[in-house]
Each structure stands twice: as C-alpha cells, then as structure tokens.
Amino acid sequence: MSTKPVLEPGPDHPITVEPTSARVTVNRDGRTIADTEHALTLQEADYPAAQYIPFDDVDPSVLEATDHTTYCPYKGEANYYSLVVDGDVAENAVWQYSTPHPAMERIAGHVAFYPDQVTITTG
C-alpha cells in the first residue's frame with residue numbers, strides 16, 4: 001500500500017487563495033453555465049491563476065460526473081465532471097477537490113474549469 005504525499009505550500013511552491021474582487025461568469029457555446037460574485041482566485045506557483053466557483057453557482061444540468069480523478073500533493077484528490085451543453089460534451093472539463101488537504105480547505109465546495117473548454121469572464 002502506498003501513501004500519497006501531502007505537502008504544504010511554502011516559499012518553494014506558494015499557493016494563495018483569495019476572494020475574486022469581481023463577478024465571474026463561465027460560458028460555453030454561448031450559454032452561461034456559472035455566474036457568481038463569490039469566486040476564489042487560486043494562484044499556484046507560476047501556473048496561471050484559476051477561478052474556483054461555488055458549486056451552488058453552477059448550472060447543475062450541464063455537469064455529468066465522471067470516474068476520472070487526479071492527485072495533487074498540495075490540494076488532494078480531484079474528481080471531475082464533463083460539461084454537456086446542447087448535446088456537446090467536453091470530457092473532464094471541470095474539477096473539484098471535495099475534501100482538499102487542510103491548507104487548501106477554502107476551495108472545498110468550489111469547482112474550476114479548464115479555460116480551453118469555456119470562456120471565463122471577470123468584471
């Protein structure tokens with residue numbers, strides 16, 4: 001049995017989670033699938049910032065849970081959803097850390113979207 005590493009953000013791998021200071025909308029194929037004033041901006045090391053949207057502010061009719069998972073030693077295990085909009089499927093385009101590691105507990109209850117699958121607008 002192998003144990004997955006659990007790492008803490010720090011100077012060698014900083015991660016910040018802050019409230020987004022603007023309204024965030026997420027669209028796919030002209031349809032708004034998320035709209036919130038309660039998003040969180042997660043900035044991890046030198047990766048592009050990700051908008052984490054409260055699950056309650058996402059249209060549940062476009063989400064289809066998948067069996068896909070990934071593991072981040074800083075955030076934990078992510079589960080995925082496909083986006084289904086008007087019959088068009090974007091597989092595993094949305095991820096969520098249902099029970100993130102303690103250092104990242106602020107993103108629990110939020111989902112993030114791959115920006116190449118949707119249009120994310122802030123402001």
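Two strands count as paired if DSSP finds at least two bridges between them. The exercises below use this rule on a predicted model.

**Exercise 1.** Find how strands β7 and β8 pair, and which residue of β8 is the bridge partner of Val-84.

*Solution.*
- Step 1. Locate the strands: β7 covers residues 76-85, and β8 covers residues 88-96.
- Step 2. Check the pairing. The two strands are antiparallel and share six bridges.
- Step 3. Take Val-84. Its bridge partner in β8 is Val-89.
- Step 4. Look at the turn. β7 and β8 make a hairpin with two residues between them. Asp-86, in the turn, has a positive phi of about 50°.

**Exercise 2.** Follow β8 to strand β9, then place Val-94 in its surroundings.

*Solution.*
- Step 1. β9 spans residues 110-113 and runs antiparallel to β8, with two bridges joining them.
- Step 2. Opposite Val-94 stands Phe-113 of β9.
- Step 3. Leave aside neighbours within four places in sequence. Val-94 then contacts several residues, including Leu-63, Tyr-81, Leu-83 and Val-111.
- Step 4. Turn to the largest nonpolar core, which has 18 residues. Val-94 and Phe-113 are among those with the most contacts inside it, along with Ile-33, Ile-53 and Leu-83.
- Step 5. Strands β2, β3, β7, β8 and β9 each give this core at least two residues. Another core, of 15 residues, lies apart from it and includes Tyr-80 and Trp-95.

**Exercise 3.** Describe the largest pocket and its lining.

*Solution.*
- Step 1. The space inside is about 410 Å³.
- Step 2. Its lining has 17 residues; Pro-48, Ala-50, Tyr-52, Trp-95 and Tyr-114 are the closest to the centre.
- Step 3. Sort the lining by class: 13 nonpolar, two polar and two charged residues.

Methods. Residues numbered from 1 in each chain as written. Predicted model: local features only at pLDDT ≥ 70, side-chain atom pairs only at ≥ 80, totals over all residues. Heavy atoms only, no water. 1 Å grid on protein atoms, 1.4 Å probe; cavity = no way out; pocket = protein on both sides within 12 Å on 5 of 7 lines; lining within 4 Å. Points joined across faces, edges and corners; volume = space filled by probe spheres on them. Nonpolar A, V, L, I, M, F, W, Y, C, P; charged D, E, K, R; others polar. Helix = DSSP H or I, 4+ residues; strand = E, 2+ residues; numbered from the N terminus. Core = buried A, V, L, I, M, F, W, Y, C linked by side-chain atoms within 4.5 Å. Buried < 20%, exposed > 50% of the residue type's maximum accessible area, 1.4 Å probe, protein only. Contact = heavy atoms within 4.5 Å.
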